[in-house]
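Take a moment with the sequence and the 3D view. This report goes from the surface inward, then stops at single residues.

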Amino acid sequence: MSEPTELVEEAAAVQSDAFVAVNYDDRIPNNVDLSSDKQLQRALETWQPNYVDWWKEMGPEGFQNAEVYLRTAVGVDPSGWAKFGHVKMPEYRWGILLAPKEEGRVIPCGRHKGQPAWQEVPGEYRSLLRRLIVVQGDTEPASVEQQRFLGATAPSLYDMRNLFQVNVEEGRHLWAMVYLLVKYFGKDGREEAQALLERRSGHQDNPRILGAFNERTPDWLSFFMFTYFTDRDGKMQLAALAQSGFDPLSRSCRFMLTEEAHHLFVGETGVGRTIEATCNAMKAAGITDPYDKAAIRKLGVVDLPTLQKKANFHMSVTRDLFGSEISSNGAEAFSSGLKGRFNESALQDDHQLENATYPVMRVVDGQLVTEEVPALRAINSRLLDDYIADCQGGIDRWNKVIEKAGINFKFTQPHKAFNRKIGEFARVRVNPAGEILSEEQWQAGQGEWLCNDDDYAHINSLMKPCFEPGKYASWIAPPRVGINNQPQDFEYVRIEHS
Ligand code: BYC
């Protein structure tokens with residue numbers, strides 16, 4: 001597949017403004033001059049062992065002693081913002097990294113537009129701001145918990161390393177939000193920081209806050225789909241929060257976005273390499289019909305229609321993460337100046353939207369219709385639309401691989417209303433083509449649009465570990481280039497001691 005665009009994006013983002021020297025002498029690496037605020041330092045140093053305990057309990061199972069080739073942000077100069085080396089994950093140097101302060105920055109949107117960005121919490125928006133930070137923070141450990149069993153079935157050491165890299169960086173993103181909570185929200189911030197270590201993905205009594213983060217990530221296809229589609233929600237939400245009038249949040253999110261790019265790359269190339277393996281195997285076996293599942297599955301690869309079903313699930317569950325399309329919470333987050341839109345500064349309007357409207361698809365009298373709605377109340381809907389557009393790039397690149405192989409199959413995004421549990425479409429049943437269905441029709445068709453037991457059985461049968469350096473499971477093609485240009489047979493994870 002084509003060269004990783006996300007990496008190019010990543011390099012560009014990194015070269016822009018993320019370089020501030022990180023102090024690695026402190027117990028908690030940071031570029032926020034932590035040692036000058038003893039009270040904050042003590043509070044974070046009290047949280048740190050609890051975090052490490054959480055990591056040992058809920059982080060990658062079975063690989064806590066493995067030496068993993070990880071990148072750690074050092075933030076020194078444009079030719080090397082990160083350093084690579086083998087590290088045991090519990091010893092990873094999780095730190096607090098903020099993008100540099102922009103002198104004279106103003107609040108970019110909402111009723112306070114043009115006023116100096118807040119350096120302290122604006123009192124009238126305290127609880128809304130805290131809620132946004134907590135929700136963002138909650139997703140980070142949740143994803144680590146969801147992925148904790150995947151190491152054992154990694155299709156290669158390269159992929160295993162990428163999984164663990166994503167995991168440690170989600171851990172760092174939790175640190176980023178905990179820093180804000182502890183520094184700016186006093187006692188309740190410390191309580192929230194503790195609660196972030198106590199909720200558990202999928203737990204009946206104390207689950208993670210948002211739906212998708214309580215779903216299982218049972219196999220590597222789910223992992224790749226998750227990192228392509230759900231981490232992309234992370235990208236969109238972080239981009240919106242990077243526009244926050246609360247400057248420390250903006251600066252935290254700007255740095256997080258540089259790390260997020262690699263997660264999207266892992267997702268896009270993971271799915272792409274799966275498609276490549278399928279196409280190669282079909283070609284070698286002389287199979288041209290992508291729906292000849294029985295024959296294709298015998299080749300030890302994933303048939304393309306099953307991949308589409310997996311994608312359907314992850315796309316629909318992730319779309320729920322944008323909240324209700326029409327939302328007074330969304331309106332208030334924007335109007336208060338706490339959260340902007342995607343690419344806020346590049347948008348050509350008044351950035352206040354008091355009199356503007358936005359087209360939102362709704363369910364009216366059992367029909368899907370598009371209505372103009374006050375733009376402020378449609379902020380979530382707009383971000384969702386931007387997200388759907390942003391998803392398409394990788395899908396097009398996947399389709400090119402299939403086209404090049406001469407196979408007649410094309411991945412598509414299901415209709416926005418398909419399989420939704422939050423918002424406008426939560427109460428209707430809609431197929432991927434966008435037709436409203438009765439409950440009976442939905443039940444009858446579900447297995448065609450989302451993975452059924454048979455699909456899961458096949459996927460599970462492929463989830464066998466492949467731990468020999470330079471070797472890959474049958475269902476996934478090797479990557480074009482190694483991480484940090486390492487050779488094909490590089491030992492990305494030394495697992496002998498784990
Ligand atoms: N599941 O007005 P509503 C990432 C709740 S991913 C369960 O509809 P609002 C990452 C909502 O909390 C990015 N509950 O929506 C990716 C509210 O509850 P309360 C994470 C849901 O508030 C991969 C109620 O329903 N960051 O970084 O405008 C790996 C009514 O809310 C759901 C953010 O999300 C759901 N899907 O918007 C690792 C940014 N949706 O308050 C990391 C911060 C809504 O009445 N969060 N609800 O109890 C936000 O901006 C907003 O909270 C949301 C919701 C966009 C999520």
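The accessible surface of the protein is about 20000 Å². Carbon and sulfur atoms hold 48% of that surface. Accessible areas come from the Shrake-Rupley method with a 1.4 Å probe, and for residues only the protein chains shown count as cover.

A word on the source. This is a predicted model, where local features need pLDDT of at least 70, side-chain atom pairs count only at pLDDT 80 or more, and totals for chains, interfaces and linings use all residues. Residues are numbered from 1 along each chain as its sequence is written, and side-chain values use heavy atoms, with hydrogens and water left out.

**Overall build**

The protein has 13 helices and seven strands. These are DSSP runs, numbered from the N terminus: helices are H or I with at least four residues, strands are E with at least two. The radius of gyration is 23 Å, close to the 23 Å that the globule rule gives for 498 residues, so the protein is as compact as a globular protein of that length. That radius is taken over C-alpha atoms, and the rule is 2.2 Å times the number of residues to the power 0.38. Along its principal axes, the C-alpha trace spans about 65 × 60 × 45 Å.

Of the 498 residues, 59% are buried. Buried means under 20% relative accessible area, exposed means over 50%, and partly exposed lies in between (1.4 Å probe, protein chains only). Contact means heavy atoms within 4.5 Å. Among contacts with a separation of 6 or more, 73% join residues 24 or more positions apart.

**The cores**

A nonpolar core is a set of buried Ala, Val, Leu, Ile, Met, Phe, Trp, Tyr and Cys residues joined through side-chain atoms within 4.5 Å. The largest one has 117 residues. Within this core, L44, Y51, F229, I275 and W475 touch the most other members. Helix α4 (residues 157-184) gives the largest share, 17 residues. A second, separate core has twelve residues, including C109, I326, F334 and I379.

Look at L44 again. Beyond its neighbours within four places in sequence, L44 contacts I28, L34, I96, W175, V178, Y179 and V182.

**Five residues up close**

| Residue | Place | Relative accessible area |
|---|---|---|
| S156 | loop between α3 (126-146) and α4 | 1%, buried |
| F164 | helix α4 | 1%, buried |
| Q146 | helix α3 | 7%, buried |
| D365 | loop between β3 (357-364) and β4 (367-374) | 76%, exposed |
| N485 | loop between α13 (453-462) and β7 (493-494) | 67%, exposed |

Which residues does S156 contact, leaving aside neighbours within four places in sequence? They are C466, K471 and Y472. S156 and D396 are 240 residues apart along the chain, and their C-alpha atoms are separated by 26 Å.

F164 and G59 are 105 residues apart in sequence, yet 9.2 Å apart in space, C-alpha to C-alpha. Not counting residues up to four places away in sequence, F164 touches P60, F63, V68, L70, M89 and G151. By that rule, Q146 touches S201, A212, F213, N214, E215, T217 and F226.

Now the backbone. Most residues other than glycine have a negative phi. D365 has a positive phi, near 50°. N485 also has a positive phi, near 60°.
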